[in-house]
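I opened this notebook to keep track of what I looked up in one structure. The entries follow the order in which I went through it.

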Amino acid sequence: AVARGGGLLVAVTGETADPGRTRAVRDAVALLLETGELPLRAHRPGPGRVALVGGGPGDPGLITVRGRRLLAEADVVVVDRLAPRALLDRLDPAVEVVDVGKTPHGAGPTQPDISALLVQRARAGRRVVRLKGGDPFVFGRGGEEVLACVRAGVPVEVVPGVTSAVAGPAAAGIPVTHRGVAADFAVVSGHVEPGAGPGSVIDWQALADGPATLVLLMALDRLGPAAAALVARGRPGDTPVAVVRRATLPDQQVLVATLDTVAAEVARAGLRPPAVVVVGRVVALREQLWGGAPPAPPAS
């Protein structure tokens, strides 16, 4: 029986006449090769390339199969602060890991520095994985890194990830859409405070008028002004709000309030980033859908 995966051909033979057992082992080996659970990194130089891999919302089990396999093949991993770092423990010791994570409001490598690093390593013939939290193209600056690679003539691919904008609410038992409650949702960066001037491209009036569900990312430090802006523009102050901190991880926290009270409740609870904020009637479904017992954080 033969298994193929990761550029390898593996033959499985049995000492006894049990073809069923041989096929079962072959299938298991093929699955491990496909999912990156076996060592796949080539030990001979090859053409360099870059893969922007979305690592998902936090739980390392939520990375895609392709993303996991590319990690197993990588020579260099350039990792963000919110990427699933538990996956780094399973890398070949010879893999170069470059930490480019930034703390909120803290110092760190600039985006041009990171893009230049990707290009330099790939031009040196290395297989580079840029491991990000969530999805590379949802506030991940993936477009800038793709552009840098394309301009430099470096092969690049994007592996989508599960964005925290949807996974965060789901981990707390909140659907972002639900028949009869919400048929649309918007994902908004809270990085820029409302009223920040012409540099802001966010139309807060449009967000207050609709859609039914708002998901705010990177907004915890500016939650008070954001909530006030929505209420001032017509969103009812009693609109339900949920704050999901460290979604999908064992220490996940969920706080439920309203637009009028959420900033004070977050301050009282001492919640700090990272967190996803969900605004809309769907928040009330957290209790209704689960019979008063919404999902608990995953076990460690």
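The entries below go from the whole chain to the surface, the interior and the charged pairs.

**Entry 1: overall.** I noted at the outset that this is a predicted model. I looked up the secondary structure and found nine helices and twelve strands in the protein chain. The chain has 300 residues, and 44% of them are buried. I then checked the contacts between residues at least 6 apart in sequence: 68% of these join residues at least 24 apart. The exposed surface of the chain comes to about 14800 Å², of which carbon and sulfur atoms supply 56%.

**Entry 2: surface.** I asked which residues form a nonpolar patch on the surface. I found F139, V166, F185, V187 and M218, with about 390 Å² of accessible area together. I followed up on F139, which sits in the loop between β6 (127-132) and α4 (142-152). F139 counts as partly exposed because its relative accessibility is 41%.

I also looked at R151, a residue of helix α4. R151 has a relative accessible area of 69%, so I logged R151 as exposed. I took one distance from there: the C-alpha atoms of R151 and V119 are 9.7 Å apart, with their positions 32 residues apart along the chain.

**Entry 3: interior.** Rolling a probe the size of a water molecule over the atoms shows where empty space is left. I counted one cavity of 30 Å³ or more, and the volume of the largest cavity is about 30 Å³. I listed the lining of the largest cavity as R49, A51, L70, E73, A74, R127, V128 and V129. Which element gives the most to this lining? I found β6 there, with three residues. The elements that each supply at least two residues of the lining are β3 (49-54), α2 (65-73) and β6.

**Entry 4: salt bridges.** Side chains of opposite charge can pair when their charged atoms come close. My count came to 14 salt bridges, and I went through some of them.

I began with D75 and R127, whose closest N and O atoms are 3.1 Å apart in a salt bridge. This pair links distant parts of the chain, 52 residues apart: D75 is in the loop between α2 and β4 (76-79), and R127 is in strand β6. I asked whether D75 is buried or exposed. D75 is buried, because its relative accessible area is 5%, under the 20% cut-off. R127 is buried as well, with a relative accessible area of 11%. I had already met R127 in the lining of the largest cavity.

Next I took R121 and E96, a salt bridge with its closest N and O atoms 2.8 Å apart. R121 belongs to helix α3 (residues 111-123) and E96 to strand β5 (residues 96-99), so the pair ties together parts that are 25 residues apart in sequence. E96 has a relative accessible area of 26% and is therefore partly exposed.

I then looked up E265 and R268, which form a salt bridge with the closest N and O atoms 3.0 Å apart. Both are in helix α8 (residues 262-269), and they are separated by about one helical turn because they are three residues apart. E265 is partly exposed, at 29% relative accessible area, whereas R268 counts as exposed, at 61% relative accessibility.

My last note is on a network: D80, R130, K132 and E145 are joined into one by salt bridges that share partners.

Definitions and conventions: Residues are numbered from 1 along each chain as its sequence is written. This is a predicted model: local features need pLDDT of at least 70, side-chain atom pairs count only at pLDDT 80 or more; totals for chains, interfaces and linings use all residues. Side-chain values use heavy atoms; hydrogens and water are left out. Helices (H or I, at least four residues) and strands (E, at least two) are DSSP runs, numbered from the N terminus. Buried means under 20% relative accessible area, exposed over 50%, partly exposed in between (1.4 Å probe, protein chains only). Contact means heavy atoms within 4.5 Å. Accessible areas come from the Shrake-Rupley method with a 1.4 Å probe; for residues, only the protein chains shown count as cover. Patches are made of residues with over 30% relative accessible area and no salt bridge: like charges are joined within 9 Å, nonpolar side chains (Val, Leu, Ile, Met, Phe, Trp, Tyr) within 5 Å. A salt bridge is a side-chain nitrogen of Lys or Arg within 4 Å of a carboxyl oxygen of Asp or Glu. On a 1 Å grid over the protein atoms alone, a cavity is a set of points where a 1.4 Å probe fits but cannot get out, and a pocket is an open set with protein on both sides within 12 Å along at least five of seven lines; lining residues have an atom within 4 Å of a point. Grid points are joined across faces, edges and corners, and a volume is the space filled by probe spheres set on the points.
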